[in-house]
Amino acid sequence: KQRVLSGVQPTGNLHLGNYFGAIGNWVKGQSEYENYLFVADLHAITAPHDPTKLASDTYTLAALYLACGLDLQHSTIFVQSHVSAHSELTWLLNCITPLNWLEDMIQFKEKAVKQGENVSVGLLDYPVLMTSDILLYQADKVPVGEDQKQHLELTRDIAARFNHLFAKPDQPVLKLPDPLIRKEGARVMSLADGTRKMSKSDPSDLSRINLLDSPEQIQYKIKRCKTDPIRGLTFDDPERPECNNLLTLYMLFAGKSKEEVAAECQDMGWGQFKPLLMETTIAALQPIQEKYQAITEDKGYLDSVLRDGREKAQAIANQTLADVKAALGYYLPV
Ligand code: TYM
């Protein structure tokens with residue numbers, strides 16, 4: 001089986017973008033692959049973070065992975081910081097990565113502007129840590145949202161550079177992964193502005209629907225979300241980004257095709273569509289929320305899942321790390 005690797009940062013609540021761009025796709029494809037899915041808690045400190053929340057956010061996110069339907073038969077779930085090879089490989093790859101490759105990253109440039117003088121070396125290095133996450137497991141596929149595309153190109157470039165510099169041409173040490181970005185849901189937009197992506201860092205919680213939002217919150221957010229005064233709802237009208245986004249959410253939750261939704265909604269006004277979207281969203285999130293409650297009632301269970309995950313992950317990651325060190329010429333005792 002091909003191997004899949006992906007992760008989400010434990011920062012704040014998980015929203016529909018994270019679900020449709022990432023976790024929902026992990027769940028959908030999981031039986032076809034051998035999956036390694038982790039909580040990216042090392043990435044979570046690349047921006048100023050709250051130390052009193054890191055552990056609980058990590059726990060919540062791991063519980064959500066299971067609640068969304070990851071099955072331990074196909075998937076290994078672990079916490080990034082529990083496998084020290086992630087940090088070690090990052091150092092080794094740092095030393096073969098040209099600085100200007102990192103300075104060119106769009107996400108770095110965007111976040112650096114926001115953080116001003118507080119930008120850390122870690123923020124610049126974020127994509128090399130991500131590269132290490134992926135290469136340690138010799139992943140074939142990396143399911144992510146559209147915003148991670150450039151980071152995955154960098155991952156391939158770093159792997160190719162490493163192989164070129166340190167491996168024999170017919171015996172690559174690191175595998176070049178392919179991104180797995182689905183067409184629909186790869187870029188879920190903000191409820192407040194259909195031209196910006198839904199994001200954990202948006203100061204307004206009304207801009208996103210979180211997986212653990214109550215039915216009342218979901219109703220309120222959809223009621224308040226930005227729309228337009230035009231009757232009849234259509235996909236793909238560049239003048240109506242909110243309309244496209246809300247129809248897409250409905251399509252994804254209802255499990256219908258684009259054609260079906262287009263036909264169903266072409267004569268609707270917002271007054272008719274919004275209750276439909278509310279109902280569908282609430283119904284789709286309910287089983288996830290119930291499962292989340294059940295999982296978090298037994299803390300020992302999740303801890304044991306994460307301990308098992310750590311062991312399985314370490315076995316593979318440490319092997320790759322040893323191969324990388326050998327290729328770099330490090331002295332290793334026999
Ligand atoms: P994070 O936590 O920012 O995002 C997690 C996943 O959610 C996707 N995503 C979206 N998809 C669609 N629409 C949106 N509005 C939206 N917002 C976020 C992201 O593309 C991502 O797939 N750097 C990664 C975490 C990471 C990682 C890795 C991923 C660390 N190491 C190795 C893959 C492989 C990130 O951005 O997390």
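Trainee: In this predicted model, does Asp 236 count as buried or exposed?
Mentor: Start with where it sits: Asp 236 is in the loop between α8 (215-224) and α9 (241-254). Then take its neighbours: 12 C-beta atoms lie inside 10 Å. A residue with 12 or fewer counts as exposed. So Asp 236 is exposed.

Trainee: What is phi of Asp 236?
Mentor: Asp 236 is a residue other than glycine. Its phi is nonetheless positive. The value is near 60 degrees.

Trainee: Gln 138 also has a phi to look at; what is its value?
Mentor: Gln 138 lies in the loop between α6 (121-136) and β4 (141-143). Gln 138 is not a glycine, yet its phi is positive. The value is about 50 degrees.

Trainee: Is Gln 138 buried or exposed?
Mentor: Count the other C-beta atoms within 10 Å of Gln 138: there are 20. The cut-off for a buried residue is 20 or more. Gln 138 is therefore buried.

Trainee: Which residue does the UniProt "binding site" annotation cover?
Mentor: The annotation comes from an unreviewed UniProt entry. The residue it covers has its place in helix α6. That residue is Asp 133.

Trainee: Is Asp 133 buried or exposed?
Mentor: Asp 133 has 27 C-beta neighbours inside 10 Å. Leaving out residues up to four places away in sequence, it touches Leu 5, Gly 7, Gln 80 and His 86. On its neighbour count, Asp 133 is buried.

Trainee: And Asp 104, buried or exposed?
Mentor: Asp 104 is in the loop between α4 (99-103) and α5 (106-115). It has 12 C-beta neighbours inside 10 Å. That makes Asp 104 exposed.

Trainee: How far apart in space are Asp 104 and Leu 124?
Mentor: Along the sequence, 20 residues separate Asp 104 and Leu 124. In space, take the C-alpha to C-alpha distance. It is 9.9 Å.

Trainee: Which element gives the largest share of the shell around the ligand?
Mentor: The shell has 25 residues, and Gln 9, Gly 17, Gly 21, Val 144 and Gly 145 come nearest. β1, α1 and α6 each give two or more residues. By class, the shell holds 12 nonpolar, nine polar and four charged residues. The largest share, five residues, comes from α1.

Trainee: How many residues of domain 1 are in contact with domain 2?
Mentor: Domain 1 is 3-181 + 299-328, and domain 2 is 205-294. Their centres are 30 Å apart, taken over C-alpha atoms. On the domain 2 side, 10 residues take part. On the domain 1 side, the number is 10.

Trainee: Which helices supply at least two residues each to the side of domain 1 that touches domain 2?
Mentor: By class, that side of domain 1 has eight nonpolar, two polar and no charged residues. Two helices each supply at least two of its residues. They are α1 (16-29) and α2 (54-67).

Trainee: How many of the 14 residues of α2 are buried?
Mentor: The buried residues of α2 include Asp 57, Leu 61 and Tyr 65. They pack against β1 (3-8), α1, β2 (34-39), β3 (75-79), α11 (270-297) and α12 (299-328). The helix is largely enclosed by the rest of the structure, because the buried count is 10.

Trainee: What span should α2 have?
Mentor: Allow 1.5 Å a residue for the 14 residues of α2. Its end C-alpha atoms are 20 Å apart, which agrees with the expected span. That expected span is 20 Å.

Conventions. Residues are numbered from 1 along each chain as its sequence is written. This is a predicted model: local features need pLDDT of at least 70, side-chain atom pairs count only at pLDDT 80 or more; totals for chains, interfaces and linings use all residues. Domain bounds come from an automatic or database domain assignment. Two residues are in contact if their C-beta atoms, placed from the backbone, lie within 7 Å. Helices (H or I, at least four residues) and strands (E, at least two) are DSSP runs, numbered from the N terminus. Ala, Val, Leu, Ile, Met, Phe, Trp, Tyr, Cys and Pro count as nonpolar, Asp, Glu, Lys and Arg as charged, and the others, Gly among them, as polar. The expected span of a helix is 1.5 Å times one less than its number of residues. A residue is near a molecule or strand if its C-beta atom, placed from the backbone, lies within 6 Å of it. UniProt positions are given in the numbering used here, feature names are shortened, and annotations may be inferred rather than shown by experiment.
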